[in-house]
Amino acid sequence: MQLAVDVQIPECFGGVAGEAVFIDTEGSFMVDRVVDIAAACVQHCQLVAEAQQEEDHLKALETFSLESILSHIYYFRCRDYTELLAQVYLLPEFLSEHSKVRLVVIDGIAFPFRHDFEDLSLRTRLLNGLAQQLIITANDYKAAVVLTNQMTTRIGQSQSTLVPALGRCLACEMKIGESWGHAATVRLILHWDNSQRLATLYKSPSQREATIPYDITALAHDFPYIFQPHGFRDVQPPAVAQNAAGTEMNPRKRPRTEEEEEKQQRFQS
């Protein structure tokens with residue numbers, strides 16, 4: 001949702017003055033949250049314009065408003081994999097009619113493929129075809145394609161790694177998830193270190209792996225260290241934490257509250 005707003009920032013403010021397509025497969029799109037993010041973006045641009053007093057900034061703000069931002073987010077709700085595939089293959093026609101679209105978001109890519117699939121090879125072929133179609137669309141229409149996905153843990157002999165969750169069982173998730181992970185050019189993993197949110201650049205053709213802290217506030221997502229003269233500012237990897245029982249905690253997961261711990265203990269007993 002943040003990206004769907006940011007892609008519309010006028011060029012004089014450093015943006016691309018584009019539009020966004022948002023494909024929602026989980027029903028998690030929150031209009032109230034988008035309104036908050038858009039209002040904060042407009043307010044930020046107004047502060048920049050007031051500080052710099054440049055004519056092009058003031059002129060751009062005449063049309064850059066909350067209403068214009070919301071009207072240029074094209075929302076599609078897909079309830080199963082059939083609707084998702086149809087929407088993706090119809091995207092070129094839509095983008096031809098809306099030439100200012102510079103961002104396509106699919107939130108999330110895994111959900112429609114986690115159910116009602118007995119043929120694993122069919123699901124793999126559909127996912128590979130979907131990935132290829134999105135790559136073609138991105139190249140032909142000069143648009144960024146952003147996919148969100150849940151993650152699962154692959155446990156190895158010496159270490160555990162995160163892979164995309166795409167199957168109904170752990171074996172399916174590891175087999176399909178690993179291959180799907182190679183389809184994306186850039187991968188960003190959002191995770192927790194105790195109460196601190198972290199964003200890790202896991203894969204990139206031009207940047208080295210790095211981690212930054214960020215916050216989600218009432219105004220918008222706050223990445224305090226993302227814009228540095230030399231790229232990402234490094235954050236030391238979180239130390240392995242331990243809970244009260246002395247067992248290791250996964251730093252990529254949100255720690256449980258005391259109430260959740262009590263419920264888990266009652267369930268186990």
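This briefing describes the fold, the nonpolar cores and one buried threonine of a predicted model. Local features need pLDDT of at least 70 and side-chain atom pairs count only at pLDDT 80 or more, whereas totals for chains, interfaces and linings use all residues. Residues are numbered from 1 along each chain as its sequence is written, and side-chain values use heavy atoms, with hydrogens and water left out.

**Overall fold**
- The protein chain contains eight helices and 10 strands, taken as DSSP runs (helices H or I, at least four residues; strands E, at least two) numbered from the N terminus.
- Of the 269 residues, 34% are buried (under 20% relative accessible area, 1.4 Å probe, protein chains only).
- Of the contacts (heavy atoms within 4.5 Å) between residues at least 6 apart in sequence, 57% join residues at least 24 apart.

**Nonpolar cores**
- The largest nonpolar core (buried Ala, Val, Leu, Ile, Met, Phe, Trp, Tyr and Cys residues joined through side-chain atoms within 4.5 Å) has 22 residues, and Val5, Phe13, Phe64 and Ile73 have the most contacts inside it.
- At least two residues of this core come from each of α1 (2–6), β1 (19–24), α2 (31–52) and β3 (101–107); α2 gives the largest share, seven residues.
- Another core, of 19 residues, lies apart from this one and includes Val21, Val88, Val101 and Ile106.
- Leaving aside residues up to four places away in sequence, Phe64 touches Gln8, Ile9, Pro10, Cys41, Val42, Cys45 and Ile69.

**Thr211**
- Thr211 lies in strand β9 (residues 210–216) and counts as buried because its relative accessibility is 16%.
- The side chains of Thr211 and Thr200 make a polar contact at 3.0 Å (a pair of N or O atoms within 3.5 Å; within protein, one must be able to donate a hydrogen and the other to accept it, and residues adjacent in sequence count only if both atoms are side-chain atoms).

Technical notes
Buried means under 20% relative accessible area, exposed over 50%, partly exposed in between (1.4 Å probe, protein chains only).
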